[in-house]
Amino acid sequence: MRQLSPHRHARRGPGASVVAAAFAAIVALGGCTEPGDDGSPGEPDVEVDLPWPAVAFPDLPGEAASPEVIELGLTLFYDPVLSVDGQTACGTCHSEFWGMSDALERSVGQGGGLIAGPSRTGPHVVRRNSQGLWNLAFRETLFWDGRTETLEEQAIEPILAVDELGQDPALVLELLQANDDYVALFAAAFPDDPEPSIPHVLTALAEFQRTLVSNRSLYDGYVAGDEAAMSDDQIEGMFRFAAFGCDGCHAPPLFEREGFENRNVPNVDAIVDDGRYEATGIVDDIGRFRIPTLRNASFTEPYFHNGSVAKLEEAVRHELAQSGLAFDDEDVRLVTAFVDGALRDESREPQRPDTVPSGLVVPIDGTTIIR
Ligand code: HEC
Ligand code: HEC
């Protein structure tokens with residue numbers, strides 16, 4: 001654990017803390033004034049106070065997929081054709097209404113009807129909280145236990161899982177091959193190998209998800225040199241976030257890290273979940289879970305791998321307590337102000353289609369049913 005005492009950061013003018021001064025970063029993220037001769041961003045001359053060295057947001061690895069592949073992936077993502085009940089889609093549990101998650105403690109899969117969101121109920125409940133799907137393109141491991149490594153490899157799991165879509169891929173393939181619209185969409189997406197196939201389904205879903213990049217938050221604007229982008233509370237919260245060592249795991253610029261830790265999250269009765277151990281078989285990994293991104297965490301309540309904590313402020317309080325350092329309500333308020341307010345960006349959220357080629361009804365979300 002870091003032996004840092006949370007400093008009270010005075011941001012500007014004389015009296016700025018030594019820590020802040022030591023880390024004050026020259027920012028190189030295009031917050032420039034003079035473009036270079038070749039039209040590229042010129043030398044940045046903007047300096048903003050950061051509690052850590054400025055690290056540029058990563059470029060997308062690999063080549064971008066064609067718009068046709070991405071379109072097919074989006075269509076499949078929202079089409080219940082992948083589910084055994086013809087009513088459930090990826091978008092049921094990863095919805096743009098809830099930060100690409102589902103607002104449930106634990107996700108409810110097939111058999112739960114067309115209504116998605118916080119009022120969804122049903123017979124098939126996953127034992128874990130749905131993950132928001134932001135910035136997956138940069139990931140090396142997926143799921144709370146890191147059991148898969150690529151999005152292509154990941155995408156078959158929810159199709160097969162009885163608590164999720166529960167469908168036989170052979171049946172999916174039959175339905176796609178018999179559907180003229182899908183035949184045309186696959187041919188446009190994969191002209192060299194135009195037949196609908198399960199590998200193409202998985203590729204299209206993966207490539208669509210790689211478009212869910214979130215890097216236009218107020219924090220990004222601030223890092224690029226716009227000092228006014230973040231409020232004073234958010235800036236102060238960012239410095240306290242660093243002082244409590246949060247950035248050691250939720251590391252900028254993605255505010256996550258390829259790692260698994262035990263944060264002593266409250267248990268939920270009757271749920272057995274050994275976390276990372278289930279993927280590695282290493283005893284020390286029992287109870288360790290993926291370090292999630294905090295980008296767009298604002299929208300994905302409830303929190304933690306089992307959804308046991310309802311509100312972001314409570315999750316921040318839990319995490320502050322884990323630091324082992326003394327903290328007060330003002331620390332909770334300010335760190336929450338930063339995580340909640342400065343790390344939001346859903347500007348690339350997908351557009352849910354009104355209709356899908358299968359002719360099935362697209363899952364309904366954004367409507368709360370009072371029972
Ligand atoms: C019943 C709800 C449900 C459905 C349907 C569902 N998911 Fe998920 N998804 C989850 C849950 C819960 C997790 C976390 C599971 C775990 O860690 O074991 C998850 C995890 C993921 C992850 C890993 C994200 C990360 O941050 O590591 C990806 C990617 C994903 N889902 C994509 C999909 C795709 C693509 C589909 C459709 C083919 C889909 N999901 C269908 C609930 C669902
Ligand atoms: C040692 C690594 C580590 C440190 C340090 C750390 N976290 Fe976490 N954080 C995690 C892990 C791992 C999880 C998921 C735990 C789980 O679900 O079991 C998590 C989850 C969270 C969540 C819930 C996110 C979600 O989508 O469910 C929030 C919010 C959070 N941390 C904030 C913070 C704050 C604020 C700090 C600093 C006080 C902090 N964390 C320090 C590893 C860390």
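Is Pro58 buried or partly exposed, and how many C-beta neighbours does Pro58 have inside 10 Å? Pro58 counts as partly exposed, because 13 C-beta neighbours lie inside 10 Å, and a residue needs 20 or more to be called buried. This proline is in the loop between strand S2 (47-48) and H2. Its C-alpha sits 7.8 Å from that of Phe138, although 80 residues separate Pro58 and Phe138 in sequence.

Keep in mind that this is a predicted model.

**The overall picture**

The protein has 371 residues, and 42% of them count as buried. It contains 12 helices and four strands. Look at the contacts between residues at least 6 apart in sequence, and 68% of those join residues at least 24 apart.

**Helix H7 and its crossing with H2**

H7 (residues 198-210) is a good place to start. Its 13 residues should span 18 Å at 1.5 Å a residue, and the end C-alpha atoms are indeed 18 Å apart. The helix is mostly covered, with 11 of its 13 residues buried. Among them are His200, Glu207, Gln209 and Arg210, alongside Val201, Leu202, Leu205 and Phe208. What do the buried residues of H7 pack against? They pack against H2, H4, helix H5 (169-177) and helix H6 (180-189).

The contact with H2 can be spelled out. The axes of H2 (residues 67-78) and H7 come within 7 Å and cross at roughly 100 degrees. That makes H2 roughly perpendicular to H7. On the H2 side the contact involves Val69, Ile70, Leu72, Gly73, Leu74, Leu76 and Phe77, and these meet Val201, Thr203, Ala204, Leu205, Glu207 and Phe208 of H7. By type, the residues of this contact divide into 10 nonpolar, two polar and one charged.

**Around ligand 1**

H7 turns up again here: along with helix H3 (90-93) and helix H4 (151-160), H7 supplies at least two residues of the shell around ligand 1. H4 gives the most, with five residues. There are 27 residues around ligand 1, and Cys90, Cys93, Gly109, Trp144 and Pro158 come nearest. The shell divides into 15 nonpolar, nine polar and three charged residues.

After H3 comes a loop leading to H4, and Met100 is in that loop. Met100 counts as buried because it has 26 C-beta neighbours inside 10 Å.

**Around ligand 2**

Which residues are closest to ligand 2? Of the 27 residues that surround ligand 2, the closest are Cys246, Cys249, Tyr303, Phe304 and Glu319. Helix H11 (312-322) and helix H12 (329-342) each supply at least two residues of this shell. The largest share, five residues, comes from H11. In terms of type, the shell around ligand 2 holds 18 nonpolar, six polar and three charged residues.

Phe304, one of the closest residues to ligand 2, is in the loop between S4 and H11. It is buried, with 20 other C-beta atoms within 10 Å; since 20 or more is what it takes to be buried, Phe304 sits right at the cut-off.

H12 has 14 residues and reaches 19 Å from its first C-alpha to its last, close to the 20 Å expected at 1.5 Å a residue. The buried residues of H12 include Asp331, Val332, Leu334, Val335, Thr336 and Phe338. What do they pack against? The partners of the buried residues of H12 are helix H8 (218-223), helix H9 (232-243) and H11.

**Backbone oddities**

If you plan to check the backbone torsions, here are four spots to look at.

| Spot | Feature | Angle |
|---|---|---|
| Pro252 to Pro253 | cis peptide bond | omega near 5 degrees |
| Glu301 and Pro302 | cis peptide bond | omega about -10 degrees |
| Met100 | positive phi, not a glycine | phi near 65 degrees |
| Phe304 | positive phi, not a glycine | phi about 75 degrees |

As for where the cis prolines are, Pro253 is in the loop between H9 and strand S3 (260-261). Pro302 lies in the loop between strand S4 (289-290) and H11, and Phe304 is found in the loop between S4 and H11 as well.

How values were computed: Residues are numbered from 1 along each chain as its sequence is written. Chains are lettered from A and ligands numbered from 1 in the order in which they are written. This is a predicted model: local features need pLDDT of at least 70, side-chain atom pairs count only at pLDDT 80 or more; totals for chains, interfaces and linings use all residues. A residue is near a molecule or strand if its C-beta atom, placed from the backbone, lies within 6 Å of it. Ala, Val, Leu, Ile, Met, Phe, Trp, Tyr, Cys and Pro count as nonpolar, Asp, Glu, Lys and Arg as charged, and the others, Gly among them, as polar. Axes are lines fitted to C-alpha atoms, for helices over the stretch in contact, and angles run from 0 to 180 degrees between N-to-C directions. Angles under 35 degrees count as roughly parallel, over 145 as roughly antiparallel, 65 to 115 as roughly perpendicular and the rest as oblique. Two residues are in contact if their C-beta atoms, placed from the backbone, lie within 7 Å. The expected span of a helix is 1.5 Å times one less than its number of residues. A residue is buried if 20 or more other C-beta atoms lie within 10 Å of its own, exposed if 12 or fewer, and partly exposed in between; C-beta atoms are placed from the backbone.
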